[in-house]
Amino acid sequence: MRLVLLGPPGAGKGTQAQRLVAKWGIVQLSTGDMLRAAVAAGSPLGLEAKAIMDRGELVPDRLVIELIDARLDGADAAKGFILDGFPRTVAQAEALDALLEAKRMRLDAVIELVVDEPMLLKRVENRIRETLQAGGSVRADDNPETLKTRLDAYRKQTAPVSAHYAGKGALKQLDGMAPIEEVSRAVDGALAS
Ligand code: AP5
């Protein structure tokens, strides 16, 4: 199973990806997680990405395309993968098409979780509260001010990615406003059809 999960910040991509990892035994390839790991490690990639991520903007396409290119060849991706947070621009989607073709791989599904902006803000505020209550550290980009920039980047740069896949007849849009279990059932249904 090879799939792409699309959706704005806080739509539930990571939540659904983790569930699919458990169900299908495939790997979650989250460019956000990879970039945060690079920032934590202080690698050259992390140093380049940190300020951009903290502002809520998208890092340059070439950085994430290189990350994904390397990970698609990993042994852990041999059984399949869930791309979470990639592609996020039309240029990334086109690069992914070329990478998959070169690697003789095909996507089984592209699923978009559709959630309105007031709900996204509520979810991010909830996540901040829960993280603090658990004694964890809140992501540098998880605050209402930076969320505005992340949503702006989503509207301008990522929303057109849906049209890229719709044009190929590959896009399945699901209601991401429903409770987690209900969204999971809808994802399962979309993958079965
Ligand atoms: P990234 O880490 O990808 O963050 P994001 O897309 O902004 O998404 P989130 O992780 O905030 O949300 P999510 O959709 O995974 O929702 P979640 O399941 O956590 O990217 C961070 C940054 O990295 C970007 O801004 C950019 O700078 C950079 N970056 C990453 N990829 C890039 C790329 N390809 N190109 C360029 N730059 C890139 O859920 C959110 C909360 O809601 C949780 O608390 C969850 O429990 C809750 N929740 C989930 N589903 C439901 C539900 N159905 N009902 C109620 N609550 C729910």
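**Exercise 1. Find what holds polar groups close to the ligand: how far do a polar side-chain atom of K13 and an oxygen atom of the ligand lie from each other?**

Step 1. In this predicted model, a polar side-chain atom of K13 lies 2.8 Å from an oxygen atom of the ligand, and this is a polar contact, meaning a pair of N or O atoms within 3.5 Å. The model is predicted, and local features need pLDDT of at least 70, side-chain atom pairs count only at pLDDT 80 or more, and totals for chains, interfaces and linings use all residues. Residues are numbered from 1 along each chain as its sequence is written, and side-chain values use heavy atoms, with hydrogens and water left out.

Step 2. For T15, a polar side-chain atom is found 2.5 Å from an oxygen atom of the ligand, whereas E57 contributes a backbone N or O atom, which lies 2.5 Å from a ligand oxygen atom.

Step 3. The ligand has 1,000 Å² of accessible area on its own, and the protein covers 88% of that area (areas come from the Shrake-Rupley method with a 1.4 Å probe).

**Exercise 2. Describe the shell around the ligand: how many residues surround the ligand, and which are the closest?**

Step 1. The ligand is surrounded by 31 residues, and the closest are T15, E57, R88, R127 and R150; a residue is counted as near if one of its heavy atoms lies within 4 Å.

Step 2. Sorted by class, the shell has 13 nonpolar, nine polar and nine charged residues, where Ala, Val, Leu, Ile, Met, Phe, Trp, Tyr, Cys and Pro count as nonpolar, Asp, Glu, Lys and Arg as charged, and the others, Gly among them, as polar.

Step 3. At least two shell residues come from each of α1 (13–24), α2 (31–41), α6 (117–133) and α8 (180–192), and α2 gives the most, with four residues. Helices here are DSSP runs of H or I with at least four residues, strands are runs of E with at least two, and both are numbered from the N terminus.

**Exercise 3. Examine the salt bridges: which residue forms a salt bridge with R36?**

Step 1. The partner of R36 is D33, with the closest N and O atoms 2.9 Å apart; a salt bridge is a side-chain nitrogen of Lys or Arg within 4 Å of a carboxyl oxygen of Asp or Glu. Both R36 and D33 lie in helix α2, three residues apart, which is about one turn of the helix.

Step 2. In another pair, the side chains of K50 and D54 meet at 2.5 Å, N to O, and these residues are four apart in helix α3 (residues 44–55), so about one helical turn separates them. K50 is partly exposed at 38% relative accessibility, and D54 is partly exposed at 29% (buried means under 20% relative accessible area, exposed over 50%, and partly exposed in between, with a 1.4 Å probe and protein chains only).

Step 3. Beyond such pairs, R127, R139, D141, D142 and R150 are linked in a network of salt bridges, and a search of the whole structure finds 18 salt bridges.

**Exercise 4. Place strand β4 (residues 109–114): is strand β4 mostly covered or mostly uncovered?**

Step 1. Strand β4 is mostly covered, with five of its six residues buried.

Step 2. Strand β1 (residues 2–6) pairs with β4 in the parallel sense over four bridges, pairing being assigned if DSSP finds at least two bridges between two strands; the bridge partner of L3 in β4 is A109.

Step 3. Strand β5 (residues 171–175) also runs parallel to β4, joined by five bridges, and the bridge partner of E112 in β5 is Q173.

Key
Polar contact = N/O pair within 3.5 Å; in protein donor to acceptor, adjacent residues only side chain to side chain.
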